[in-house]
Amino acid sequence: MKFVCVGRNYADHARELGNEIPEAPMLFLKPSTALHTGTAGTFALPAFSQNVHYEAELVLFIERPLCNATAEEADRAWQRVTVGLDLTARDLQDRLKSKGHPWEIAKGFDGSAVLGQFHDRREVADAEGHFRFELRKNGVPVQLGDTRQMIHACNDLLAYASGFFTLEPGDMVFTGTPAGVGQLAAGDALEAFLGGLSVLRSSVANG
């Protein structure tokens with residue numbers, strides 16, 4: 001099992017961090033050890049970072065192998081979706097990027113993929129097949145996502161990724177985050193909604 005993640009797939013998020021909008025999807029991986037189930041309980045912030053950001057994203061669960069797939073083939077390979085948090089050690093990422101170094105350790109550390117409860121996509125999509133999601137921190141909405149605002153749509157992302165990495169059953173794809181990312185602190189309570197359903201509830205452990 002692996003996590004395939006997409007960076008800068010919402011223009012407003014790219015702009016809020018001062019990044020250029022890529023022409024092709026920007027992909028990176030998280031290892032299986034990044035998994036944290038956020039349906040209940042807490043997670044701890046890593047000791048090596050003083051600025052860990054939340055990034056709420058629509059996550060697709062892969063159920064059929066995809067390799068060099070078309071968008072039509074990709075559409076048949078996933079049925080379940082949730083909201084996940086792509087936790088990012090922003091201070092570490094910025095230092096590595098400034099040196100031209102890879103920044104996987106700022107994205108793929110243990111527990112950096114916090115997952116909500118998966119649902120059949122037909123239960124949470126709107127009438128046109130799009131998804132809306134929301135993240136609240138301490139009861140206050142901080143991120144609102146709508147897949148209509150994606151630069152690259154879900155099936156196009158899967159088709160593109162499958163040209164480089166074979167996607168296997170059990171893999172999960174983080175499809176990018178909208179604007180509103182921010183820093184986490186001990187004691188923060190997080191809740192994510194997808195199609196109006198609460199799918200993720202977690203909190204940041206006190207040191």
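**Strands, rings and a pocket**

Strand E11, residues 132-137, runs antiparallel to E12, and 6 bridges hold the pairing. Keep in mind that this is a predicted model. Just before E11 in the chain comes a loop from helix H4 that carries Phe131, and Phe131 turns up again below, both in a ring pair with Trp78 and in the lining of a pocket.

**The five-stranded sheet**

- E11 and E12 belong to an open sheet of 5 strands, ordered E4-E16-E15-E11-E12, and the pairing in this sheet is mixed.
- At the edges you'll find strand E4 (42-43) and strand E12 (140-146), each of which pairs on one side only.
- If you want a spot to look at in the E11/E12 pairing, try Lys137, whose bridge partner in E12 is Val140.

**The three-stranded sheet**

- There's also an open sheet of 3 strands, with antiparallel pairing and the order E8-E5-E14.
- Strand E8 (88-89) and strand E14 (182-183) are the edges here; each has a single partner strand, so one side of each has no neighbour in the sheet.
- Strand E5 (residues 52-54) is joined to E14 by 2 bridges, and the two run antiparallel.
- Across from Tyr54, in E14, stands Gly182.

**Trp78, Phe131 and other rings**

- Searching the whole structure turns up 6 aromatic pairs.
- One of them is Trp78 with Phe131: the ring centres are 6.2 Å apart and the planes meet at 50°, so this pair counts as tilted.
- Trp78 sits in strand E7 (residues 78-86) while Phe131 is in the loop between helix H4 (121-124) and E11, so the pair ties together parts that are 53 residues apart in sequence.
- Are these two residues buried or exposed? Trp78 has a relative accessible area of 4%, so it's buried, being under the 20% cut-off. Phe131 is buried as well, because its value is 3%.
- Trp78 has a charged companion too: the charged end of Arg121 sits over its ring, 4.0 Å from the centre.
- Elsewhere, the charged end of Arg80 sits over the ring of Phe61, at 4.2 Å from the ring's centre.

**The second largest pocket**

- The second largest pocket holds about 200 Å³ of space.
- Which residues are closest to its centre? Of the 13 that line this pocket, they are Trp78, Gly129, His130, Phe131 and Cys154.
- By type, the lining of the second largest pocket splits into 6 nonpolar, 4 polar and 3 charged residues.

Technical notes
Residues numbered from 1 in each chain as written. Predicted model: local features only at pLDDT ≥ 70, side-chain atom pairs only at ≥ 80, totals over all residues. Heavy atoms only, no water. 1 Å grid on protein atoms, 1.4 Å probe; cavity = no way out; pocket = protein on both sides within 12 Å on 5 of 7 lines; lining within 4 Å. Points joined across faces, edges and corners; volume = space filled by probe spheres on them. Nonpolar A, V, L, I, M, F, W, Y, C, P; charged D, E, K, R; others polar. Pairing = 2+ DSSP bridges. Helix = DSSP H or I, 4+ residues; strand = E, 2+ residues; numbered from the N terminus. Phe/Tyr/Trp six-rings, centres within 6.5 Å; stacked < 30°, edge-to-face > 60°. Buried < 20%, exposed > 50% of the residue type's maximum accessible area, 1.4 Å probe, protein only. Lys NZ or Arg CZ within 6 Å of the ring centre and 35° of its normal.
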